[in-house]
Amino acid sequence: MPDDAAQPEPAAQPEPPAPGESQPDQVLAVDRLEVRFGDRAVLDGVSFIVRAGELTGLIGSNGAGKTTLLRSILGLQVPGSGTITVAPGVRGHGASIGYVPQKIALDPDLPVRARDLVALGIDGHRLGIPLPSRSRRAMVDEVLASVGATAFADARVGHLSGGEQQRVLIAHALVRQPRLLLLDEPLANLDLRSEFEVVQLLDQLTRDRSIAVLISAHDMNPLLPVMDRIVYLAEGRAVSGTTDEVVRTEVLSELYGQHVDVIRVHDRILVAAGGGHDSGPSPDEPGVWTIGEH
Amino acid sequence: MFSGFMVTTWVVATVVAVVAGVVGFFVVARGSAFAAHALPLGAFSGAAAAALAGVSTLVGLVGFSVLGAVGISRLSHRARRDVATALVLVVLLGLGALFLSMTSEYAPEIYSLLFGEVIGVSTSSITPIAVLGAICVVMVAVAWRPLLLSSISPELGEVAGVSSGRMELWFLLVLAAVTAMALPVVGALLVFSLMVGPPAAARSFTSKPHVALAGSVLVAVVTVWAAIAVSYQTNWPVGFFVGIIGAGAYFVGRSWSWWVQTGRSGWRLRRGAALRDGRPRTASLRGAPAPR
Amino acid sequence: MHAAFGWLVEPGFFSSAPVRTAALVGGVAAVVSGIVGAFTVMRGQSFAGHALADVSAAGGSAAFLIGISPLLGFVGMAGLAAGGMEAVGVERARGRDLATGIVLGAGLGLAALLLYFDSTSTSTTGAAISVLFGSMFAIAPSIIPWAAGLSALVALAVLLAYRPLLLSSLDPDLAAVRGVRVRVFETLHLLALAAAVALSALTIGAILSTALLVGPGAAALRVARRPGWSLVWAAGIGLGCTWLGILLAYDSYDWPPGHRGWPVSFFIVALVFVAYVAGGIFHRVRRDRRDHRDRRGTSARQAHATAGSA
């Protein structure tokens, strides 16, 4: 077992502000969130902040609790303890949070167009018959253009490809101009080209609209070019900060409770479960293994 | 064909067709054809119970179809939807068997409740049918948006604050109302034909939801009119024509979709090939740049 | 011994010929329905099972009224409907509910026509009742060998095809990757289903055929730990409910109000439902006990681990 005293201090992560004290552009604050299923703690004291205009990656393997965390933020999951604070919407009645689920199964024959689904994002919860409204149509057209979905706005939702459906779901979530956008594994079912395009789109939306974007993924590599901060989730706990601060051998080893190696190959990062013995970090850059060193 | 007692028939049948077309839009969108078949059969047992208890048939119909709707909704929490529907169906029918065995004056009505006797329906039934029909349409209109969203994706509905369980129960109650209304007219075994064939056909021809709804009503009305007209001439049962025309409309719709789809996918293949032939759009496809 | 049984079994039960026929034919139908039904529930095809029962029962009895042998009418009609369903594509998850509904609607329309062709109104009504609810104590003994033979055939086919059928029921994509011809087994399932429900509908009515198809199968899938055992459980539950239901129906002959006995279909359906609920409770109790045991094991392991690293 490695000698604890010899290990360097893990990079300091920014303290979440005390409840009641919030920074001006802070949109989401999760503080010591705990969610238990029966006797099992899926989330055991998770804390982090997401700010407007920043794209944050929620990284963790399958089963780490990413979906539980997102559902808790949405209010669909009741936490055992801890707080979640979301800044109120831009307009008084606007929605604070937009949510893009993973790919949804749709009947190809369903007589609903992409633009109809997006329109339901505006008022899908309201009772009564909707009257045709030019302003609503303009809102829908605008958001469809901003995600690059105008070409297939009139196609059936069940006929859309994976990438096209992703854009429509993003438009559905954005149409009420939320301050926070949550995406659950948006890249999981996409081919490489679509993956790249969606990542670029999300980056652009984050900057243009100054929204806070939280993307969950099990592989951080496609997000590396655009990710401002990372929340790394493992064993029910999380470490947050910039990629360089968080994705380091000693930080993740402490998080996992066992030795893991962080390997950088060209511009990719690989987190590998430890093989057993620990040969120590490279002398040049503590905390990072470089292939070809020994 | 259009004189005297037949007027009632045309009026009642049209009302039933309009309501069936409206509700059928969601039956097809939600994949609830089994429930649309099961509730009328369950309601049929209610008529037997009513005869036993000495109350009006309509009370029994409404009571048992609501019971069935609530039963399916509750059981769906524990079991898959099709298993829940099957179990509720057989339990209600089992009770119906029991009630039928206890009352002997009921037998002659069975055929008409199963297969319908729309030709010769009495004037007095117009009012309750119209009222129930209006209730159905209002229930759908009021919940149009949340029901549509929940039908497309229950998950997106939940996120918007629309409980999928509550929408399912609401929809099943609407089905119960249609059932009670249409049973005496087209019969237990065929009311659902009107709720399945016409909407399935309509949605093949349009991708806009409100147009599909209107189309569903149109096809249902035309189906019923044609069925009554031909039945009047041949004396063959109305239900036969409803079933056959409904199936025919479905196949026409399916063929149309297939024809359009083959055309469009050909176009898509050509468009995709053009993109692949060109150079990649950005250099980043070779590898992601360094993280910030 | 006699005294112990006396309160449960009315006199003459074991010696009554209609009872023996009912127990034989009903038992055989229950076993086959249970076995096929386990797969049907796995595939989510309960609607198809019920639809086939309705169409075969209504159409077959009407055909019988015209003058064909009843078994031929029922099974033939069911086979026709199954073929229609396969052609329309009912086994594919997408659109299956709709396809089943269309075939059912057309089939029942056809049945309405056939029933109309029979001119006597009383037998029309009688046919409708026996179509739905069956007439278990009035089964002709000549049917027994046919029923037994058909059931044996279906059961044999299902058991021979057990592994690929199971795989394609649980995960069609995985099965296709393994080289299983998924379409073939879809057809096989539909044909077995058609035979099972036609047999049941002819003898015990369309309701019961659905009840014995779905109820024991669904209960078995909750209770059994391994898929092979679910077939055994399904057949066993179906058989038990059928025999107990027959017994209760026989006993009820003197019960109020009509002193004609309560219908056997009511008893069997009620028992199947009770079995299903019991299966659900058993499943939940077993799951809670397993969670409790796992929790204790986890905390023991954690205590061991922290002790070891100190």
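**View 1. Eleven-name roll call: the lining of the second largest cavity.** In this predicted model, the walls of the second largest cavity are made by Gln102(A), Lys103(A), Gly162(A), Gln165(A), Gln166(A), Leu169(A), Glu185(A), Pro186(A), Ala188(A), Asn189(A) and Leu190(A). Sorted by class, that lining comes out as 5 polar, 4 nonpolar and 2 charged residues. The space inside the second largest cavity is about 70 Å³. If you go hunting for others, the structure holds 6 cavities of 30 Å³ or more.

**View 2. Where chain C meets chain B.** Here 49 residues of chain C touch 53 residues of chain B. Put together, chain C and chain B bury about 4200 Å² between them, and 79% of that area sits on carbon and sulfur atoms.

**View 3. Polar links across the interface of chain C and chain B.** How many salt bridges does the rule find here? The count is 0 across the interface of chain C and chain B. Polar contacts do turn up: 7 residue pairs between chain C and chain B, with both partners at pLDDT 80 or more.

**View 4. The chain C side, helix by helix.** The elements giving two or more residues to the side of chain C that touches chain B are helix 2 (17–42), helix 3 (46–66), helix 5 (96–117), helix 6 (121–133), helix 11 (206–223) and helix 13 (264–309) of chain C. Helix 5 of chain C gives the most, with 16 residues. As for chemistry, this side of chain C has 31 nonpolar residues, alongside 12 polar and 6 charged ones.

Definitions and conventions:
Residues are numbered from 1 along each chain as its sequence is written. Chains are lettered from A and ligands numbered from 1 in the order in which they are written. This is a predicted model: local features need pLDDT of at least 70, side-chain atom pairs count only at pLDDT 80 or more; totals for chains, interfaces and linings use all residues. Side-chain values use heavy atoms; hydrogens and water are left out. Contact means heavy atoms within 4.5 Å. Buried area is the accessible area (1.4 Å probe) that two parts lose on being put together, summed over both. A salt bridge is a side-chain nitrogen of Lys or Arg within 4 Å of a carboxyl oxygen of Asp or Glu. A polar contact is a pair of N or O atoms within 3.5 Å; within protein, one must be able to donate a hydrogen and the other to accept it, and residues adjacent in sequence count only if both atoms are side-chain atoms. Helices (H or I, at least four residues) and strands (E, at least two) are DSSP runs, numbered from the N terminus. Ala, Val, Leu, Ile, Met, Phe, Trp, Tyr, Cys and Pro count as nonpolar, Asp, Glu, Lys and Arg as charged, and the others, Gly among them, as polar. On a 1 Å grid over the protein atoms alone, a cavity is a set of points where a 1.4 Å probe fits but cannot get out, and a pocket is an open set with protein on both sides within 12 Å along at least five of seven lines; lining residues have an atom within 4 Å of a point. Grid points are joined across faces, edges and corners, and a volume is the space filled by probe spheres set on the points.
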